[in-house]
Amino acid sequence: MSAGEPPAALPGARLLFSLDPGVSYLNHGSFGAVPVGVQRAQQRLRDEVDANPMAFYAGEGLMDRVVHTRRHLASFLGADPDGSALVANTTTGVSLVLNSVRLESADEVLLTDHGYGSVFFAARRQCRRAGATARTVALPLGASSAEVVSRVRAALRPGKTKLLIVDQIASATAACLPVREIVAAAHEHDIPVLVDAAHVPGHIPVDVAAIGADFWVGNLHKWAFAPRGTALLSVAPPWRRRMEPLVVSWEQEQGYPLAVEYQGTIDYTPWLAAPAGLFTLRTLGWEAVRAHNAALAAYGQRVLGEALGVTDLPHPGHPEVAMRIVPLPSGLATTAPEAYALRTLIAEKLAAETQVNAWGGRGLLRLSAQVYNRAEEYDRLAERLPQLLHESKRQ
């Protein structure tokens with residue numbers, strides 16, 4: 001494949017999904033897409049629940065199955081199974097950590113401006129309750145790893161910064177940050193670090209233990225083909241006894257992780273079906289999937305950039321990241337409501353699902369690539385989007 005050409009489609013991959021064929025689904029990063037085989041595995045589990053709810057929930061085997069699943073998923077991510085807990089999503093994991101750190105009035109939580117919106121909300125709420133402060137460090141788009149680490153290190157306030165939250169792959173900007181180096185810099189001052197890895201599992205290779213973060217949490221329902229509602233929180237040994245579940249239930253006396261995982265009559269079927277997602281990924285060939293997706297995302301970014309006259313296209317900073325950003329013309333989608341309105345307009349008028357974010361005073365179009373996508377979907381969007389944006393700007 002020469003430079004600039006899209007990758008060849010993986011044979012049969014598109015047939016594994018039940019996505020609407022009339023929509024170009026170029027936004028895998030937001031909610032993922034569950035393969036049909038995984039949907040069926042989860043449905044069999046739902047059927048089991050409804051055949052005898054008492055046996056499923058009150059029998060002796062439920063938590064054994066959860067623990068077995070957790071060990072399988074943790075092993076895939078290079079995380080310690082005994083220090084990991086299954087949770088509904090990364091947002092839940094972040095709130096669990098903030099709830100357990102126990103902020104005081106003189107403390108602060110430090111975040112970067114690449115962070116996810118709900119994480120900001122959670123940090124600010126917890127800080128407000130404790131009388132603490134939430135502060136943000138700015139990281140320029142396209143900054144080198146050395147500059148990112150330098151800026152974060154300079155923003156740390158030893159003795160005051162109680163927690164640093166940093167993304168491994170940022171949602172709004174698709175930037176892949178050097179989390180291992182950032183963790184090391186924070187630990188020089190004994191500052192704990194929470195890594196928001198919502199987009200990492202199944203997307204790029206990861207060794208959670210090697211990162212060395214105090215807390216790491218990632219979704220498996222995005223790039224690892226698990227049913228929605230599946231994420232893994234990994235906690236370093238010094239913090240495990242301090243983890244407090246957001247809801248107290250019958251495994252409270254067992255402590256972390258069971259106290260976090262057991263939540264009465266929640267739906268456990270997404271977790272128990274998650275290994276089927278990893279099976280699908282491995283059947284396709286994970287290396288082939290990563291290479292295909294990264295190349296296709298880069299192709300989509302290039303053709304959209306050319307169509308919109310954008311020459312400075314940000315690289316995510318990792319060769320296998322399958323999300324790319326195309327900065328929009330000045331004045332478009334500069335606020336969150338405007339970004340939402342534009343994303344909706346693209347979906348309604350062009351039958352294409354994308355993500356539009358307002359970041360740093362500019363609108364960013366985010367494209368994802370997955371094995372069910374084809375180059376012609378990006379070509380078609382590139383052909384039609386400029387006129388839509390022109391009309392939108394005139395209104």
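A cavity is a set of grid points where a 1.4 Å probe fits but cannot get out. In the predicted model described here, a search of the whole structure finds 2 cavities of 30 Å³ or more. The largest cavity holds about 40 Å³ of space. Its lining consists of Gly-202, His-203, Trp-223, Phe-225, Leu-281, Trp-286, Val-289, Arg-290, Asn-293, Glu-320, Ala-322 and Gln-370. Helix 12, which covers residues 286–308, provides the largest share of this lining, with 4 residues. By class, the lining of the largest cavity is made up of 6 nonpolar, 4 polar and 2 charged residues.

The second largest cavity likewise contains about 40 Å³ of space. It is lined by Ser-24, Leu-350, Ala-352, Glu-377, Arg-380, Leu-381 and Arg-384. Here the largest share, 4 residues, is contributed by helix 14, which runs over residues 375–394. The lining of the second largest cavity divides into 3 nonpolar, 1 polar and 3 charged residues.

Attention now turns to the pockets. The largest pocket encloses about 710 Å³ of space. A total of 32 residues line this pocket, and those nearest its centre are Tyr-116, Gly-117, Ser-118, Ser-171 and Lys-222. At least two lining residues are supplied by each of four elements: helix 1 (28–31), helix 5 (90–101), helix 6 (117–130) and strand 11 (355–359). Helix 6 accounts for the largest share of the lining, 5 residues. In terms of residue class, the lining of the largest pocket includes 9 nonpolar, 16 polar and 7 charged residues.

The volume of the second largest pocket is about 430 Å³. This pocket is lined by 29 residues, and Ser-145, Cys-176, Leu-177, Pro-178 and Gly-317 are the closest to its centre. Helix 7 (145–155), helix 8 (179–187) and helix 9 (208–211) each contribute at least two residues to the lining, and the largest share, 3 residues, belongs to helix 8. The lining of the second largest pocket comprises 17 nonpolar, 9 polar and 3 charged residues.

The packing of the interior was examined next. In soluble globular proteins, nonpolar side chains tend to be buried together. The largest nonpolar core in the model contains 75 residues, of which Val-66, Leu-77, Leu-164, Ile-182, Val-195, Ile-211 and Trp-216 touch the most other members. Helix 4, spanning residues 62–77, gives the most to this core, with 7 residues. When residues up to four places away in sequence are not counted, Val-66 touches Leu-86, Glu-261, Tyr-268, Trp-271 and Leu-272.

One of these partners of Val-66, Leu-86, belongs to a strand with both faces covered, namely strand 2 (residues 84–87). On one side of strand 2, Ser-84 and Leu-86 are buried, and on the other side Ala-85 and Val-87 are buried as well. In a regular strand the side chains alternate between the two faces of the sheet. Strand 2 pairs with strand 8 (residues 231–235) in the antiparallel sense, over 4 bridges. Within this pairing, Ser-234 of strand 8 is the bridge partner of Ser-84.

Strand 3 (residues 108–112) is also mostly covered, with 5 of its 5 residues buried. Glu-108, Leu-110 and Thr-112 are buried on one side of strand 3, while Val-109 and Leu-111 are buried on the other. Strand 3 pairs in the parallel sense with strand 4 (residues 133–137), and the pairing extends over 5 bridges.

The position of Val-109, a residue of strand 3, was considered in more detail. Val-109 is classed as buried because its relative accessible area is 0%, whereas the cut-off for a buried residue is under 20%. In strand 4, Ala-134 is the bridge partner of Val-109. With neighbours within four places in sequence left aside, Val-109 is in contact with Leu-98, Leu-103, Ala-123, Cys-127, Thr-133, Ala-134, Arg-135, Leu-163 and Ile-165. Ala-134 is thus both the bridge partner of Val-109 and one of its contacts. Phe-120 lies 11 residues from Val-109 along the chain, and the C-alpha atoms of the two residues are separated by 9.9 Å.

Definitions and conventions. Residues numbered from 1 in each chain as written. Predicted model: local features only at pLDDT ≥ 70, side-chain atom pairs only at ≥ 80, totals over all residues. Heavy atoms only, no water. 1 Å grid on protein atoms, 1.4 Å probe; cavity = no way out; pocket = protein on both sides within 12 Å on 5 of 7 lines; lining within 4 Å. Points joined across faces, edges and corners; volume = space filled by probe spheres on them. Nonpolar A, V, L, I, M, F, W, Y, C, P; charged D, E, K, R; others polar. Core = buried A, V, L, I, M, F, W, Y, C linked by side-chain atoms within 4.5 Å. Buried < 20%, exposed > 50% of the residue type's maximum accessible area, 1.4 Å probe, protein only. Contact = heavy atoms within 4.5 Å. Pairing = 2+ DSSP bridges.
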